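User: I have this model open and would like to go through it piece by piece. Could you take me through the strands first, then the empty spaces and the odd backbone spots?

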Amino acid sequence: MKHRSEHDLVVLGSGIAGQTTATTATEAGLDVLLVEKQPALGGSSAMSGGWFAFSGTPEQTEEGIEDSEDLFRHDLLEGGGHLNDPDLVDTYLAHQHAAHRFLKDHGVRFREVAISSGMSAARGHNSEIKEVLATLHAAFAAAGGTTLTGTAAQRLLTDDGRVVGVLAEGPDGPVELYGRRGVVLATGGFSRGTEMLKVFAPEQLAAIPYGGRGNTGDGLRMAWRLGAGMADMSFVAATYGSHPETGEEFHELLTAYYMGAIVVNTAGRRFVDESIDYKALGRAVLDQPGGLGVQVFDSRVRAQSHRGIPLKDMDTLQELGHLHEADTLEELAGLAGVAPEGLVATIERYNAAVAGKAADEQGRTGLCNGVGELTPIDAPPYYAYPAKALMTTTYCGVTVTPDAQVTTVDGEPIGGLYAVGEVVGGFHGATYITGTSLGKGAVFGHMLGAALAGTDPQRENSGEQRQDSSEQEEVAA
Ligand SMILES: Cc1cc2nc3c(=O)[nH]c(=O)nc-3n(C[C@H](O)[C@H](O)[C@H](O)COP(=O)(O)OP(=O)(O)OC[C@H]3O[C@@H](n4cnc5c(N)ncnc54)[C@H](O)[C@@H]3O)c2cc1C
């Protein structure tokens, strides 16, 4: 006989999206079951760089950073090629402060604010993401939430068209898990889903496989069986750049190109404007021989390394032997497997363009997204970091309403079925801006958890929002 259990809410997936939803709903009084396919919690979130994108925060004010909701909206829509759903973008902007506060109320400390891919102001807020997830889970458990690991959701269960639960495969066999207020898909993307990548982005199979081991697109398939719509499926792209021997324990992505590096191929030639978003760079690098792009820079850029901060940590990369150093460009080229005469000529042309003596051959005008003054590469020692595109994430998926209800291909909400995080399509459009995925998971997860519990997500302290869950049954029905 199948094991059966019933709760107020069933949340599938334990990354930032699932955990924020589950913790918010549990702290607001719901009986929540968090279901994770892998033996360990965290998914891609736990492997990530920990950057959350928020605008108008106290951290930005402290650093004297000028930013605004309008500028953030502009970046999201421009980056997305105006193909993103503006209602989802507006919802993110409207709820970002509530999510930021929720994280900080749970002890999250943002240790650095920086500009990165697709931003025109510094709005990446860096956290120790593993600690964030552990803290959220501890709060979830302390508030009475239940967690099942090693349990893979397989099929949504419906009653008269409404999703009422899920059939899953647990360590001891099949289980039926029911959620009186519904089921939340927080199952992430399909960066590890070879079969799905073959369908939607076969050229990306050349990138280094990465992301959470359980991220094979299960949530998408379950929702599609019920007629869910899909969005942004044609924009799957790997992120540039990680060393070809990157491991899973250490987050090895370096964006020295946003600090002044150029990127060359093995012939020593540039092939792209290095200031564009790193998904577009990923596409450009996949087209180069061996799928390799070498980040080349000098001691000025090297001095900007920040140990322990993902995307900026050149110290650790050098200790790992992945970052080459030499006193001359010729010697550096030899170490990095790049044609020396090609590299020397490229840097001569680049430095001439930076000095205003010629137009840049790739049209580059700034360090990152058009912002920041370019510097010449002429202060030895010189450095080279050979890197490939890393298939971290997919950022496309089911269509949802702004309140996270999954909709059908015809735009009708599917009763009882919600989705948050990377499994959702339509928010990013053509590209992803750093920090907007952890951000999206936290923003929509917090909003949904509170809404399903019948509380106001904008209110400061979720502790005061506890109600008897039986009184709230109508709200989510
Ligand atoms: C190396 C790397 C660096 C990144 N850096 C950043 C960054 O700094 N900022 C940022 O915003 N984004 C970043 N991203 C992207 C971001 O981490 C993810 O998009 C985001 O964490 C997704 O969160 P999620 O909760 O939706 O999914 P995940 O964190 O992937 O969680 C989904 C969970 O669902 C589980 N699951 C899947 N199928 C089932 C099933 N059938 N039943 C039960 N459970 C299931 C998975 O095992 C997984 O644990 C990065 C990604 C990577 C890989």
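Analyst: Strand E11 (residues 183-185) pairs with E21 in the parallel sense over 3 bridges, where two strands count as paired if DSSP finds at least two bridges between them. Within that pairing, Val-183 has Leu-417 of E21 as its bridge partner. This is a predicted model, in which local features need pLDDT of at least 70 and side-chain atom pairs count only at pLDDT 80 or more, whereas totals for chains, interfaces and linings use all residues. Residues are numbered from 1 along each chain as its sequence is written, and side-chain values use heavy atoms, with hydrogens and water left out.

User: How are you naming the strands and helices, and in which sense do E20 and E21 pair?

Analyst: Helices (H or I, at least four residues) and strands (E, at least two) are DSSP runs numbered from the N terminus. Strand E20 (residues 405-407) and E21 pair in the antiparallel sense over 2 bridges, and Gln-405 has Tyr-418 in E21 as its bridge partner. The hairpin of these two strands has 5 residues between them, and Gly-411 there takes a positive phi near 85°.

User: Why is E21 largely enclosed?

Analyst: Strand E21 spans residues 413-419, and 5 of its 7 residues are buried, so the rest of the structure largely encloses it. Buried here means under 20% relative accessible area, exposed means over 50%, and partly exposed is in between, with a 1.4 Å probe and protein chains only.

User: And what about helix H8, which of its residues are buried?

Analyst: Helix H8 (residues 218-225) is mostly covered, with 6 of its 8 residues buried, namely Asp-218, Gly-219, Leu-220, Met-222, Ala-223 and Trp-224. Gly-227, which follows H8, has a positive phi near 90°.

User: Switching to the core: how many residues are in the largest nonpolar one?

Analyst: The largest nonpolar core has 85 residues, and those with the most contacts inside it are Leu-12, Phe-52, Leu-103 and Val-398. Such a core is a set of buried Ala, Val, Leu, Ile, Met, Phe, Trp, Tyr and Cys residues joined through side-chain atoms within 4.5 Å. Helix H14 (residues 436-453) gives the most to this core, with 8 residues. Domain 1 (3-234 + 393-476) and domain 2 (239-391) both give residues to this core, so it lies between them; the domain bounds come from an automatic or database domain assignment.

User: Now the pockets. How much space lies in the largest one, and what lines it?

Analyst: About 310 Å³ of space lies in the largest pocket, and its lining has 20 residues, of which Ser-48, Arg-111, His-251, Gly-308 and Pro-310 lie nearest its centre. On a 1 Å grid over the protein atoms alone, a pocket is an open set of points with protein on both sides within 12 Å along at least five of seven lines, a cavity is a set where a 1.4 Å probe fits but cannot get out, and lining residues have an atom within 4 Å of a point. Grid points are joined across faces, edges and corners, and a volume is the space filled by probe spheres set on the points.

User: Which helix gives the most to that lining?

Analyst: H6 gives the most, with 3 residues, and helix H2 (43-47) and helix H6 (129-142) each supply at least two. The lining of the largest pocket also draws at least three residues from each of domain 1 and domain 2.

User: How many cavities are there, and how much space lies in the second largest?

Analyst: The count comes to 4 cavities of 30 Å³ or more, and about 70 Å³ of space lies in the second largest cavity. Among the residues lining the second largest cavity are Phe-235, Lys-279, His-428 and Tyr-432.

User: Last topic, the backbone: where are the cis peptide bonds?

Analyst: A cis peptide bond joins Tyr-240 and Gly-241, with omega about 10°, and Gly-241 is placed in strand E14 (residues 239-242). A cis peptide bond also joins Pro-380 and Pro-381, with omega about 0°, and Pro-381 is found in the loop between helix H13 (340-354) and strand E18 (382-391).

User: And is Leu-311 buried or exposed?

Analyst: Leu-311 is buried, with a relative accessible area of 6%, and its phi is near 85°, a positive value in a residue other than glycine. Asn-369 has a positive phi too, near 55°, but at 33% relative accessibility Asn-369 counts as partly exposed.
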